[in-house]
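Reader: Hello! I would like a close look at one part of this model and how the rest of the chain packs around it. Could you walk me through it?

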Amino acid sequence: MSRIVGTSSSAGERKRLLKEVASVFAHTNVAQPTPAEESDLVAYLALLLDRIAATVDRSAGAWEKRGYWLKADRLRQEWTWVGSALRTAEDTLRNGTSVREALAGFSELRAKTEAFAAPSRRRKTTPWAGAAEAWSQSRRAASF
């Protein structure tokens, strides 16, 4: 029997998720989102940031398991901006503040994702469609 080797890593997943965040900002730069689409965009960002935070915790946990506590702490410290951006997105969705202002307020998140250029031929899909409903369902499930 052969060994099963996992080819996906948390760092690779973080990179893929950051590309998705960059594509959201590229979409808002090209087209003005409709009011219905704005909350979906912020919810999609919140869901992506939550998944990025989970990959950071998974990576740091793996380093701690091997006894590399300093490396795990540095990794968490390097990615603290994810938590603040996630709180901003969640506050926007909970309090019903202006989504347009929230999208403009993600300056640090925009700066972190500038290196990840969105493809010039963007897919015609909108992965953020229905993200506000998915976010509210995930929060209801987390509260139980």
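To set the scene, how do the elements of the chain run from the N terminus on? After that, please take me to helix α2 (residues 35-65): which residues of α2 meet those in α1, α3 and α4?

Author: Happy to! Please keep in mind that this is a predicted model.

From the N terminus on, the order is α-α-α-α-α-α-α. In other words, the chain has seven helices and zero strands. The chain has 144 residues, and 35% of them count as buried. Among contacts with a separation of 6 or more, 76% are between residues 24 or more positions apart. The chain exposes about 9,200 Å², with carbon and sulfur atoms supplying 54% of that area.

Now to α2 and its partners. Two packed helices are described by the angle between their axes and the distance between the axes, so I will give both each time.

Let us start with helix α1 (residues 10-30), whose axis comes within 9 Å of that of α2, with a crossing at roughly 165 degrees. That angle makes α1 roughly antiparallel to α2. The crossing of these two helices is left-handed. On the α1 side, the contact is made by Ser10, Glu13, Arg14, Arg16, Leu17, Leu18, Glu20, Val21, Val24, Phe25, His27 and Thr28. Facing them in α2 are Glu37, Leu41, Tyr44, Leu45, Leu48, Arg51, Ile52, Thr55, Val56, Arg58 and Ser59. By class, the residues of this contact divide into eleven nonpolar, five polar and seven charged.

One residue of that list deserves a pause. Thr55 lies in helix α2, and its relative accessibility is 1%, so Thr55 counts as buried. Leaving aside neighbours within four places in sequence, Thr55 is in contact with Ser10, Glu13 and Arg14. Those three residues belong to the α1 side of the contact described above.

Val21, also on the α1 side of that contact, gives us a link to a later part of the chain. Lys112 is found in helix α6 and is partly exposed, with a relative accessible area of 38%. The C-alpha atoms of Lys112 and Val21 are separated by 9.8 Å, although the two residues are 91 residues apart along the chain. Glu114 sits in the loop between α6 (107-113) and α7 (131-143). With a relative accessible area of 64%, Glu114 is exposed. Glu114 and Val21 are 93 residues apart in sequence, and their C-alpha to C-alpha distance is 9.8 Å.

Next comes helix α3 (residues 69-78), whose axis comes within 7 Å of the α2 axis and crosses it at roughly 165 degrees. These two helices are therefore roughly antiparallel to each other. Their crossing is left-handed. From α2, the residues taking part are Val56, Asp57, Ser59, Ala60, Gly61, Trp63 and Glu64. They meet Trp69, Lys71, Ala72, Leu75 and Arg76 in α3. This contact has six nonpolar, two polar and four charged residues. Val56 and Ser59 appear here and also in the contact with α1.

The third partner is helix α4 (residues 80-95), and the axes of α2 and α4 come within 9 Å and cross at roughly 145 degrees. This crossing, too, is left-handed. In α2, the residues involved are Ser39, Val42, Ala43, Ala46, Leu49, Asp50, Ile52 and Ala53. Their partners in α4 are Val82, Ala85, Leu86, Ala89, Thr92 and Leu93. The contact divides into eleven nonpolar residues, two polar and one charged. Ile52 is on the α2 side here and in the contact with α1 as well.

Let me finish with a charged residue of α4. Glu90 is found in that helix, and its relative accessible area of 11% means that Glu90 is buried, the cut-off being under 20%. Not counting residues up to four places away in sequence, Glu90 touches Trp135 and Arg139. As for the other direction, Glu90 and Leu47 are 43 residues apart in sequence and 9.6 Å apart in space, C-alpha to C-alpha.

So, to sum up your close look, α2 meets α1, α3 and α4, and the crossings are left-handed with α1, with α3 and with α4.

Conventions
Residues numbered from 1 in each chain as written. Predicted model: local features only at pLDDT ≥ 70, side-chain atom pairs only at ≥ 80, totals over all residues. Heavy atoms only, no water. Helix = DSSP H or I, 4+ residues; strand = E, 2+ residues; numbered from the N terminus. Buried < 20%, exposed > 50% of the residue type's maximum accessible area, 1.4 Å probe, protein only. Contact = heavy atoms within 4.5 Å. Areas by Shrake-Rupley, 256 points an atom, 1.4 Å probe, with all protein chains shown as cover. Axes fitted to C-alpha atoms, helices over the stretch in contact; angles between N-to-C directions. Parallel < 35°, antiparallel > 145°, perpendicular 65-115°, else oblique. Left-handed = near helix turned anticlockwise from the far one by under 90°. Nonpolar A, V, L, I, M, F, W, Y, C, P; charged D, E, K, R; others polar.
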